[in-house]
Amino acid sequence: MHDMLLIALFAFLGAAAAGVLGALALRALRHRSLIVSLTVVSTVTVVAMFSGTLAVAWAMFLSRHDLFVITTVVAMAAVVSLATALLLGRWVAARSNALTAAARSFGDGGRFPTPREGADDDPAELAALTRELAATSEKLAASRDRERALESSRRELVAWISHDLRTPLAGLRAMSEALEDGMVEDTGRCLRQIRAEVERLNSMVGDLFELSRIHAGALSLTTHQVAVDALVEEALAGADPLARKSGVRLVGDAVAAVPVEVDPGEMTRVLGNLLVNAIRRTPADGTVAVHARGTDEAVVLSVTDGCGGIPEEDLPRVFDTGWRGTHARTPPGAGLGLAIVRGIVEAHHGSAAVRNVTGGCCFELTIPVTQAG
């Protein structure tokens, strides 16, 4: 037993010396190619075995012949190990270089071209890295597409706002000049027109401010439990004067006492925007209906108008900033109301959608229900 412990000790000391030298070599060459590192590791393995063997042979006073046999066996093992390490290093380095070249396309604004040649033979780590790079590429591509769409939407918004601001400003300028020159006989009527244009401008500026807060993620919600029927009743009361003036009938049907966790002011604005939009698009003697249905997880509020429907190709753009479809410039405003609707609803972790129905279209808002307990 004593002899076995001595043999183990001599073998460990010899191998440890080679291991320390190998660790120092790896540290010194840590910035070099993977091939160099694998060669060092393979060399350290062989040298550690050789050193331990020589230490034991020296301690056991082996004959020269036996020592030569051991040395020959270790040398052959070293040749095979080094050749294997070089082949493995070259293969791994080649796959790594392929991934590096493919990943470089990110910087050029392109997609990640997944290397196909030899991909089936990749080790698990390289295969996982390839999948992650491909997934990241898809996310970046989607982000670039959203950015381009947003930039296009911003340009359209600037063009539409410029047009819509120019009209009331020109009217205000003309009326103010007429008042200044004493050319207006009915000054009261002229002042009422000026006030109406100022209210229109104030509404547009308010919509722009609200939309900028939504896009900046700065919309602050003060939420608490509110019954859906109360929200619908308040929105209908606010839209009733416009409906009477336009000759449109309002019909309300709500799910009673269903609580939702919302900001009442913002959600009333959402319903108000939908109702005003529906009333303006519905001809006289038409009907605008508000309905709500509840599920275990959400309440779906819907506003149905009599606008005659929206072209199918325009449906995906209805909630885009500045969109006003084929009825452009007919109603007042800058086409921001529906964009604000979607932004506020999404801030409540809900969703907004639109679909055509017989004689008009139906806007649906899905709002999560407050969970009991």
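Q: In this predicted model, where is aspartate 285 found?
A: The model is predicted. Aspartate 285 does not sit in a helix or strand run here; its place is a loop. The elements on either side are α7 (264-281) and β4 (287-294). So the place asked for, by residue number, is the loop between α7 and β4.

Methods: Residues are numbered from 1 along each chain as its sequence is written. This is a predicted model: local features need pLDDT of at least 70, side-chain atom pairs count only at pLDDT 80 or more; totals for chains, interfaces and linings use all residues. Side-chain values use heavy atoms; hydrogens and water are left out. Helices (H or I, at least four residues) and strands (E, at least two) are DSSP runs, numbered from the N terminus. Buried means under 20% relative accessible area, exposed over 50%, partly exposed in between (1.4 Å probe, protein chains only).
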